[in-house]
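User: I'd like to learn how to read a structure like this one, feature by feature. Could you walk me through it?

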Amino acid sequence: SLKANNGPAMAGKQPKDAFPLLKSAEILQCLNELGIASSEDDLLHPTGLKVQHIYASFNELLLHRKREDMAQPDFEGLQELEFPELHEQSVPMIGFLSACQKLMAIAGVGDFTMSDLIKPEARRVRRSLSAVINLAKYHEDKLPGYMQFSQETDALLNAKASLEEESERLLSARRQAEQRRAEEEPALQQMEAENEQRQVTVRELFNSHTAILNESHALKAKVQETRDASRGLSFELLNAREEAESLRKQIAPDPRALKDELQALHDAVALEKAALKSLEGKCSDAAKGAAAIEAAEGQLDELARLQAEAEAEAQRLKETRRGIKAVAGSTLGLETERAELAHQVRAVTQRIGHCKERLERQKEQHAAKEEDARAALSLAERQWGELSEERERHERQQDDSELALRELRDKHLYARMEHEAVAARLQQLQQKLSLQVRAYHQTVLSAMGSASESTQGLAAQGVAC
């Protein structure tokens, strides 16, 4: 997976981007991880063909649109134009530009133009790739959670649809029962009008009563099935809550690991401070060496003064030689002393040169060590910033997870309220059906009693006759 990287903010009065500006090495690493072949020269000296290939790869990865699918098919009036071949190339380019602008708008770059595809600049290519890579990282981080919540939402919607279908079926059965009852009322009136057919009508009513009882039992069974489905839905919601709780526990960062990493960073900073102190000690030693060199230079000045005095003495000797030519032995001794002095001067000059070279080497070593120490300190500060941003990212992920959990709880509460409402409606429907069946039983019993009394009256009249 891609790793989070941060870049420096843009200077000046330009608005700050919502994404970090990545370095070239980080962009190349991300492109290689995504399977997009690229090199550092492509970023430093970008060409239109190369950046179009990179943007086309990101369009296919994030928007699932291939470049050949963006090309508009040929239209009938193309050959009527003056230069149709220009339009054959421009139409796919316009489609590709529209797709790239859509991708950049989603990533947070609102000023992407055709010049970024034809004559790209290294600075804008770096900014655009940083935005798209940041979008790819966000897509990679949020995709598993989105898929999980989508599946849970689909399951809840399917359960809701099944409950609505069941409710609609029960309402339809109720309407059919009411319609059947309305159809039976003329039969009851006909039974009262035509006494000779009451027995047949009673039998038909008994059969209808049996059918309604069977339907009532079927409705009760459906109500029980609805209750079972509700219990199953509650169990699924409980499982979803447990899964969300487990995900929240997995997302939460480990404070002890962060403390250990922070302690390690503090230790590294302490080591770097110790190294800096040692470098300062070496610098003080180098200062002492410089003081020694300055003392040597003082000695050299003294030797130069002695040399000047020796030259003055030699001049006097020349004058003396002009005056006293007979003293040849004294003149030879003075020239020997002068040669020794010249030899000493050359030796001192060589020692001064060696001291200067050693001083230059020490300065170079000190500068190199100081540069390494500064680089190590900068690396530690950058790692500290990355850890801080990683912690903030984990906190944002935890907030997102808590928000998703609250939404899931709200959905569960809404589903439970709907289930309770459906159960209440079913209970009311069952009570109404029971009242209707009871009234129907009373009507049938009264009709049978009336029929029996009429039959007995007719039998009595026959006996009397």
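Analyst: Happy to. Let's start with one helix and what hides it: the buried residues of helix H1 (residues 24-33) are Glu 26, Ile 27, Leu 28, Cys 30 and Leu 31. Keep in mind that this is a predicted model.

User: What covers the buried residues of H1?

Analyst: To read burial, look for what sits against the residue. Here the cover includes helix H2 (40-44), helix H3 (48-63) and helix H7 (122-193). After H1 comes Gly 35, which has a positive phi, near 80°.

User: Let me zoom out. How many helices and strands does the protein have?

Analyst: Count the elements, then read their order. This protein has 10 helices and zero strands, and along the sequence the pattern reads α-α-α-α-α-α-α-α-α-α.

User: How much of the protein is buried?

Analyst: Buried residues account for 24% of the 465 residues. As for the surface, the protein exposes about 31,700 Å², with carbon and sulfur atoms supplying 54% of that area.

User: And which share of the contacts joins residues at least 24 apart?

Analyst: Start from the contacts between residues at least 6 apart in sequence: 74% of these join residues at least 24 apart.

User: Okay, helix pairs next. At what angle do H3 and H7 pack?

Analyst: Read the angle, the distance and the handedness. H3 and H7 pack at about 20°, and their axes are 11 Å apart. Angles under 35 degrees count as roughly parallel, so H3 and H7 are roughly parallel to each other. H3 passes H7 in a left-handed crossing.

User: Which residues meet where H3 and H7 pack?

Analyst: From H3, you'll find Val 51, Ile 54, Tyr 55, Phe 58 and Leu 62. They meet Val 125, Ser 128, Leu 129, Val 132, Ile 133, Leu 135, Ala 136 and His 139 in H7. Keep an eye on Tyr 55, which turns up again in the next feature.

User: That sounds like aromatics. How many aromatic pairs does a search of the whole structure find?

Analyst: One aromatic pair. To classify a pair, check the ring centres and then the planes. The rings of Tyr 55 and Phe 112 have centres 5.4 Å apart and planes at 80°, so this pair is edge-to-face. The pair also links distant parts of the chain, 57 residues apart: Tyr 55 is in helix H3, while Phe 112 is in the loop between helix H5 (84-107) and helix H6 (115-118).

User: Are those two residues buried or exposed?

Analyst: The cut-off you need is that buried means under 20% relative accessible area. Tyr 55 is buried because its relative accessibility is 2%. Phe 112 is buried too, with a relative accessible area of 4%.

User: Which residues does Leu 97 touch?

Analyst: Leu 97 lies in helix H5. Leaving out residues up to four places away in sequence, Leu 97 touches Phe 112, Thr 113, Met 114 and Leu 117. So Phe 112, the ring that pairs with Tyr 55, is also one of the contacts of Leu 97. Leu 97 is itself buried, with a relative accessible area of 11%. Its C-alpha is 9.5 Å from that of Gln 52, though the two are 45 residues apart in sequence.

User: How should I read a residue such as Leu 233, and where is it found?

Analyst: Ask for the element, the burial and the partners. Leu 233 is found in helix H8 (residues 198-251), and at 10% relative accessibility Leu 233 counts as buried. Its contacts, again without residues up to four places away, are Leu 156, Ala 159 and Ala 415. Leu 233 and Lys 160 are 73 residues apart in sequence, yet 9.5 Å apart in space, C-alpha to C-alpha.

User: What about Leu 429: which helix does it lie in?

Analyst: Leu 429 lies in helix H10 (residues 328-464) and counts as buried at 10% relative accessibility. Beyond its neighbours within four places in sequence, Leu 429 is in contact with Leu 170 and Arg 174. The C-alpha atoms of Leu 429 and Leu 219 are separated by 9.7 Å, with their positions 210 residues apart along the chain.

User: One last case. How does Gln 362 count at 32% relative accessibility?

Analyst: Gln 362 counts as partly exposed. Gln 362 is found in helix H10, and its C-alpha is 9.8 Å from that of Asp 285, 77 residues apart along the chain.

Definitions and conventions. Residues are numbered from 1 along each chain as its sequence is written. This is a predicted model: local features need pLDDT of at least 70, side-chain atom pairs count only at pLDDT 80 or more; totals for chains, interfaces and linings use all residues. Side-chain values use heavy atoms; hydrogens and water are left out. Helices (H or I, at least four residues) and strands (E, at least two) are DSSP runs, numbered from the N terminus. Buried means under 20% relative accessible area, exposed over 50%, partly exposed in between (1.4 Å probe, protein chains only). Contact means heavy atoms within 4.5 Å. Accessible areas come from the Shrake-Rupley method with a 1.4 Å probe; for residues, only the protein chains shown count as cover. Rings of Phe, Tyr and Trp (its six-membered ring) pair if their centres lie within 6.5 Å; planes under 30 degrees apart count as stacked, over 60 as edge-to-face and the rest as tilted. Axes are lines fitted to C-alpha atoms, for helices over the stretch in contact, and angles run from 0 to 180 degrees between N-to-C directions. Angles under 35 degrees count as roughly parallel, over 145 as roughly antiparallel, 65 to 115 as roughly perpendicular and the rest as oblique. A crossing is left-handed if the near helix is turned anticlockwise from the far one by less than a right angle, and right-handed if clockwise.
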